[in-house]
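Thanks for coming. I will keep this short and go through one model, starting with a pair of rings and ending at the DNA.

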Amino acid sequence: MASEFFERVWEVVRLIPKGRVSSYGAIGRYLGSPKSARLVGYAMNASHQASPIVPAHRVVNRKGMLSGKHHFAFPGQMQALLESEGIQVNEDVVQNFEQHFWDPNIELDLNHE
DNA sequence: ACAATGACTGAAT
DNA sequence: AATTCAGCCATTG
């Protein structure tokens with residue numbers, strides 16, 4: 001059974017557009033807890049039971065590294081999915097990370113003019 | 001209830 | 001500039 005916190009994380013992750021990536025810290029910050037980045041990752045670990053599915057492959061650490069690729073069905077799944085969406089990945093690191101970075105604090109909330 | 005863990009991050013050395 | 005250390009906080013043993 002997932003806590004409300006987890007579901008909230010999943011909700012944000014599902015909002016990540018195809019071809020974009022976000023970071024645990026950015027999501028955590030959007031939830032109001034900038035220090036809960038680890039909890040976001042923890043929520044991702046439990047996202048396998050989420051419904052609908054959560055594009056956890058679009059979530060990487062602040063360096064753009066596929067830190068959680070090992071938690072997928074099999075290593076390489078994460079990179080394959082990202083490349084399938086047009087994101088170049090090399091050495092487990094997202095290329096042009098800042099270019100693909102999607103920050104919920106900027107894209108969702110905020111009165112971005 | 002206490003201690004340990006973790007798909008992270010920022011500060012310190 | 002690169003590596004190491006400590007903080008963070010929900011989940012799990």
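Is F101 buried, partly exposed or exposed? F101 counts as partly exposed, at 27% relative accessibility. Buried means under 20% relative accessible area, exposed over 50%, and partly exposed in between, using a 1.4 Å probe and protein chains only.

Some housekeeping. This is a predicted model, in which local features need pLDDT of at least 70 and side-chain atom pairs count only at pLDDT 80 or more, while totals for chains, interfaces and linings use all residues. Residues are numbered from 1 along each chain as its sequence is written, chains are lettered from A and ligands numbered from 1 in the order in which they are written, and side-chain values use heavy atoms, with hydrogens and water left out.

Back to the rings. Rings of Phe, Tyr and Trp (its six-membered ring) pair if their centres lie within 6.5 Å; planes under 30 degrees apart are called stacked, over 60 edge-to-face, and the rest tilted. That rule gives 3 aromatic pairs. F97 and F101 make a tilted one, with 5.4 Å centre to centre and 55° between the planes. F97 is buried, at 13% relative accessible area. Elsewhere, F6, W10 and Y42 form one aromatic cluster.

Next, H57. Helices (H or I, at least four residues) and strands (E, at least two) are DSSP runs numbered from the N terminus. H57 sits in the loop between α3 (37-45) and β2 (59-60), and H57 is buried, with a relative accessible area of 9%. Its contacts, meaning heavy atoms within 4.5 Å, are F72, M78, L81, L82 and E85, leaving aside neighbours within four places in sequence. With E85 there is a side-chain to side-chain polar contact at 3.1 Å. A polar contact is a pair of N or O atoms within 3.5 Å; within protein, one must be able to donate a hydrogen and the other to accept it, and residues adjacent in sequence count only if both atoms are side-chain atoms.

Now α3 itself. Which of its residues are buried? They are V40, A43 and M44. Seen down the axis of α3, these fall within an arc of 105°, so they line one face of the helix; the arc is that of the directions from the helix axis to the C-beta atoms. Their cover includes α1 (4-14), α2 (24-30) and β2. On the other side of α3, R38 and Y42 are exposed.

That brings us to the DNA. A residue is near a strand if one of its heavy atoms lies within 4 Å of it. DNA strand B is surrounded by 16 residues, the closest being Y24, R38, N61, R62 and H71. Sugar and phosphate make up 47% of the strand B atoms that come within 4 Å of the protein. H71 places a polar side-chain atom 3.0 Å from a phosphate oxygen of DNA strand B, and a backbone N or O atom of N45 lies 3.1 Å from a base nitrogen of that strand. The largest share of the surface near DNA strand B, 6 residues, comes from α3.

Around DNA strand C we find S3, F6, K35, R38, L39 and Y42. Here sugar and phosphate account for 55% of the strand C atoms within 4 Å of the protein. A polar side-chain atom of R38 is 2.8 Å from a base oxygen of DNA strand C. Again α3 gives the largest share of the surface near DNA strand C, with 3 residues.
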